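Grab a viewer and a coffee, and let's work through a few exercises together. Try each task by eye before reading its solution.

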Amino acid sequence: MDFLPTVWFVIIVVLWIGYLFLEGFDLGVGMHMLFSAKNENQRRVMLNAIGPVWDGNEVWLVTAIGATFAAFPDWYASLLSSLYIPLVFVLLALIFRAVAIEYRGKGKSVRWSRFWNAALGIGSLVAAFGIGVTLAASTTGLPLDANGDRVGGPLAWLTPSTIVGGLAVVGFSLVHAATFLALKTDGDVRLAGNRFAGRVSPIAVLPLLAWALIVQFSSGSPLSWALVVVAAAAVVVAWSANRGGSEGLAFVGFGLFLIAAMAAIFLAQYPVVLPSTISRSFDLTVASASSAPYTLGVMSVVACFGIPLVLAYQGWTYWVFRKRVSASHIPEAHPVEPAVRRA
Amino acid sequence: MGSLDPLLIARWQFGITTVYHFWMVPLTIGLGPVVAGMQMRWHRTGDVRWYRMVKFWGKLYLINFIVGVATGLVQEFQFGMAWSEYAKFVGDVFGAPLAMEALLAFFVESTFLGLWIFGWNKLPKAVHVACLWLAIGGSILSAYFIIVANSWMQHPVGVVLVKGHPVMNDVWAVLTNNTAITAFTHTMFGSFGVGGAFLLGISWYHLWQRRRDGIDTVDAAGRVVSGVAPDIPGRDGSDHSIWITSLRIGAVVAIVAFAGVAITGDAQGKLMFQQQPLKMAAAEAACHTGTSFSVLSVGKLGSTSCSDVVPIIEIPGLLSFLAKGNFTTTVEGVDQLLPQYEAKYGTNLPDNPIYGSRAGEKIDYLPMMEVTYWGFRMMIGFGGIAAFAAAVALWLTRRGTVPRSKGVMLLAVGGILAPFAANSAGWVFTEMGRQPFVVAPNPTGVDGVYMFTAAAVSPGVSAGEMLFSVIALTAVYAVLMVFEIRLLVRYVRGGIASAVPELAEPDQPESDDHSKSDVLAFAY
């Protein structure tokens with residue numbers, strides 16, 4: 001049963017990649033709504049492109065965290081307690097963002113919608129950055145003592161590497177959302193998405209590549225280096241597809257870039273799940289941080305049954321809502337007036 | 001101990017965020033099945049009134065649902081953030097139900113709710129309502145898994161002790177823990193009670209408003225004569241029947257829910273007398289062994305000596321009935337139980353760095369009696385009030401409308417809060433009653449599987465960080481509460497037209513069929 005912790009490491013990596021891939025475009029759409037959209041109709045086109053799916057996408061995060069708790073309690077405990085402050089911001093950001101999606105169109109005043117637009121955009125930005133910081137900390141190290149507790153104060157996680165990680169998820173999400181909007185909408189939003197992806201992607205992908213390289217230089221293997229090359233090649237393919245007007249290939253290409261880069265990072269790190277920058281002997285590893293074989297076995301059965309099912313019905317959702325959203329699809333906003341007779 | 005105690009702040013944070021989260025959850029669970037049932041009735045009868053009910057109650061359901069989802073995120077993270085020692089100690093068994101919850105319940109809930117929200121006119125009707133049922137099933141399944149996790153803290157089963165840590169060896173024992181089964185059913189009925197009172201209070205408001213606006217009148221026999229108000233969107237021929245039907249559904253749901261709550265609560269109480277006798281003794285302020293149930297006791301309840309507690313009104317035999325099902329078996333009181341706990345689990349916390357400055361401190365095994373005693377009574381009291389009010393409401397509306405009195409209307413609307421309060425009081429009681437343990441020992445389980453709350457908090461997190469998060473989260477939650485209530489009030493007052501906007505535009509035919517036009521039936 002020695003292989004089970006490794007299986008669970010792979011499952012958790014898959015869950016994180018699934019999260020970054022799916023919520024990547026949701027978070028990016030939130031940022032584009034604040035920074036790129038020209039008017040309310042464009043914002044609503046963008047929002048409704050992710051409308052039916054964003055909540056299901058966010059569950060990938062909850063599942064990644066829950067699976068880490070079940071399979072690697074020590075990893076879960078050390079990582080989350082060490083990153084206390086940034087995770088508080090991530091949670092607040094995700095809370096505001098979720099509520100903003102539901103509430104922004106239900107108010108009467110301009111102030112109301114302006115407030116929720118900001119909550120949605122800034123929430124998406126902060127969440128993306130904080131998730132990047134968290135994963136970068138888990139792959140580049142934290143000052144952990146022998147008990148797995150952070151030393152060095154509340155901001156000990158703040159290093160150049162974690163900032164690169166934060167920027168990596170923000171940059172990727174922006175590009176990913178642009179290609180997503182190009183694929184899922186029509187009209188001005190689609191054009192703007194294509195333009196943004198073409199113009200900004202060469203810079204926006206750099207932090208993720210840098211993060212992958214940081215991990216390679218400290219613990220890379222030939223295979224993980226090869227994945228970095230794949231990631232870089234995927235960017236080139238995606239960028240030229242975008243230039244050539246092939247929206248589907250551009251989306252797939254940038255998606256592949258994420259998958260390859262994250263796989264390269266986690267593969268290089270294996271079997272360490274959370275390095276300690278104080279002493280390598282304090283590193284949390286797949287073996288040292290994992291639950292007992294019985295628990296991992298039970299969870300494996302659940303995952304074998306659950307993950308394919310999730311992929312199937314989430315895939316079906318994307319099929320049901322495959323139609324592009326455009327300005328003419330957006331219904332008018334209806335004011336809600338009290339059903340009361342005025343004297 | 002410094003001026004700022006991380007343990008105390010972390011406990012407040014957990015209490016605040018969890019009680020708050022469990023205001024949204026029971027409404028989601030209580031309202032969802034009613035909405036789905038209404039949609040099935042609409043499909044079966046084709047009656048537009050059911051369609052309008054689905055739209056109206058469904059809108060309120062979603063406004064509330066999202067805050068539950070958003071605040072639920074915090075729960076998944078804070079075991080690791082603030083309670084890292086706890087997470088490491090119990091992770092082998094406690095993490096599994098949390099992961100199952102995410103993988104088997106949350107995905108279903110979120111994905112299929114998205115399909116329901118956006119699936120109007122896109123999905124075949126049967127598939128569309130099936131999506132709502134699946135989403136509701138996901139909500140209920142997630143409640144089950146989290147209660148399995150919580151019940152393991154109340155009554156650990158299915159584990160062996162390996163190197164001082166509980167290690168799971170029987171997942172079925174964990175999933176079928178009798179503590180979990182009774183707590184889950186109890187919580188479900190408690191949630192249905194919330195849904196029922198919500199339907200009742202809001203429908204009452206609309207029936208009252210219709211009378212106030214002169215739309216409905218009563219004849220000499222007191223029977224309703226319902227009318228229409230062409231100048232008010234939504235107040236047409238079907239409006240009256242929508243509200244009286246919703247009101248009666250709500251009242252019946254609330255009454256049935258309370259019966260369920262009482263039966264499951266009784267079973268749960270009997271279990272707790274065996275599993276955590278000190279919690280129940282504290283709930284009863286039962287200082288000495290006996291058979292009487294305290295209806296009212298006063299005194300310095302916080303004191304552990306019990307010497308200050310003066311019973312004012314007692315019902316002989318009732319305590320025995322609650323605990324054992326007869327009127328004569330004596331139930332052990334605090335004075336008898338405390339020495340047993342001290343003998344078994346020690347009089348002082350071990351001299352272990354995990355307890356920080358609390359190492360070696362004397363252990364107080366008695367939960368805060370004011371909290372458990374009054375929590376227990378508020379739970380039962382508010383639940384009973386809600387059920388009684390629902391029965392009165394059915395009787396008062398037997399002739400088809402509500403009294404004109406504004407005061408009674410305000411009572412009915414305010415009554416929405418009673419089952420919420422009962423739910424919160426119940427959780428506060430059972431969680432505070434578990435103290436000083438975070439994992440309470442199982443009297444018939446494996447020795448050594450328990451954990452003091454004092455050992456559970458994250459050692460690496462400073463009091464300042466905890467203070468920052470508890471202030472930030474509480475402030476944000478308070479703001480969200482204001483927003484949620486404002487929106488609920490606006491959509492409630494808007495009536496059916498707030499959820500079926502075509503009614504506000506007389507030239508547009510009301511229809512759920514937009515297939516000819518390109519416009520989305522629902523859009524954010």
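The exercises below go from the contact of the two chains down to single residues, and the model is a predicted one.

**Exercise 1. The contact of chains A and B**

Task: Find how many residues each chain puts into the contact, and which helices of chain A supply at least two residues of its side.

Solution: Start with the totals. Chain A gives 69 residues to the contact and chain B gives 79 residues. Next, go through the chain A side helix by helix: H2 (40–50), H3 (54–71), H4 (73–82), H5 (84–103) and H12 (293–320) each supply at least two residues there. The top contributor on that side is H5(A), with 13 residues. Last, sort the chain A side by class, and you get 42 nonpolar, 18 polar and nine charged residues.

**Exercise 2. A bent helix in chain A**

Task: Look along H8(A), residues 188–204: where does the helix bend, and what do its buried residues pack against?

Solution: Follow the axis first. H8(A) bends by about 35 degrees at A:Gly198, and a proline, A:Pro202, comes within four residues after that. Now check burial. A:Gly198 itself is buried, and other buried residues of H8(A) include A:Val189, A:Arg190, A:Asn194, A:Phe196 and A:Ser201. For the partners, look around the helix: the buried residues of H8(A) pack against H2, H7 (160–184), H10 (222–243) and H11 (247–269) of chain A.

Stay with A:Asn194 for one more step. The C-alpha atom of A:Asn194 is 8.1 Å from that of A:Gly245, although the two residues are 51 apart along the chain. A:Gly245 sits in the loop between H10 and H11 of chain A. A:Asn194 is buried, whereas A:Gly245 is exposed because just 11 other C-beta atoms lie within 10 Å, and exposed means 12 or fewer.

**Exercise 3. Two helix crossings**

Task: Describe how H1(A) packs on H6(A) and how H2(B) passes H7(B), giving angle, axis distance and handedness.

Solution: Take chain A to begin with. H1 (4–35) and H6 (110–140) pack at about 145 degrees, with axes 8 Å apart, and the crossing is left-handed. On the H1(A) side, the residues that meet H6(A) include A:Trp16, A:Leu27, A:Gly30 and A:Phe35; among those facing them from H6(A) are A:Asn117, A:Gly121, A:Ala128 and A:Leu135. Sorted by class, this contact has 12 nonpolar, five polar and no charged residues.

Now chain B. The axes of H2 (48–81) and H7 (239–275) come within 10 Å and cross at roughly 65 degrees, in a right-handed crossing. B:Arg49, B:Arg52 and B:Met53 of H2(B) make the contact with B:Ser241, B:Ile242 and B:Ser246 of H7(B). By class, that splits into two nonpolar, two polar and two charged residues.

**Exercise 4. A hairpin in chain B**

Task: Work out how S1(B) and S2(B) pair, and which residues of S2(B) are buried.

Solution: The strands run antiparallel and are joined by four bridges. To set the register, note that B:Val159 stands opposite B:Met168 and B:Val162 stands opposite B:His165. Then read the side chains along S2(B): B:Pro166 and B:Met168 point to one face and are buried, while B:His165 and B:Val167 point to the other and are not. Finally, inspect the turn. Two residues lie between the strands, and B:Lys163 takes a positive phi near 50 degrees there. B:Lys163 counts as exposed because it has 5 C-beta neighbours inside 10 Å.

**Exercise 5. Backbone oddities**

Task: Which peptide bonds into A:Pro271 and B:Pro436 do you find, cis or trans, and what is the phi of B:Asn121?

Solution: Go one at a time. The bond from A:Tyr270 to A:Pro271 is cis, with omega near 5 degrees, and A:Pro271 is in the loop between H11 and S1 (272–274) of chain A. The bond from B:Gln435 to B:Pro436 is cis too, with omega near 5 degrees; B:Pro436 is in the loop between H13 (417–432) and S7 (437–439) of chain B.

That leaves B:Asn121, which has a positive phi of about 70 degrees although it isn't a glycine. B:Asn121 lies in the loop between H3 (84–118) and H4 (125–154) of chain B, and with 16 other C-beta atoms within 10 Å, B:Asn121 is partly exposed.

Definitions and conventions:
Residues are numbered from 1 along each chain as its sequence is written. Chains are lettered from A and ligands numbered from 1 in the order in which they are written. This is a predicted model: local features need pLDDT of at least 70, side-chain atom pairs count only at pLDDT 80 or more; totals for chains, interfaces and linings use all residues. Two residues are in contact if their C-beta atoms, placed from the backbone, lie within 7 Å. Ala, Val, Leu, Ile, Met, Phe, Trp, Tyr, Cys and Pro count as nonpolar, Asp, Glu, Lys and Arg as charged, and the others, Gly among them, as polar. The bend at a residue is the angle between axes fitted to the seven residues ending there and the seven starting there. A residue is buried if 20 or more other C-beta atoms lie within 10 Å of its own, exposed if 12 or fewer, and partly exposed in between; C-beta atoms are placed from the backbone. Axes are lines fitted to C-alpha atoms, for helices over the stretch in contact, and angles run from 0 to 180 degrees between N-to-C directions. A crossing is left-handed if the near helix is turned anticlockwise from the far one by less than a right angle, and right-handed if clockwise. Two strands pair if DSSP finds at least two bridges between them.
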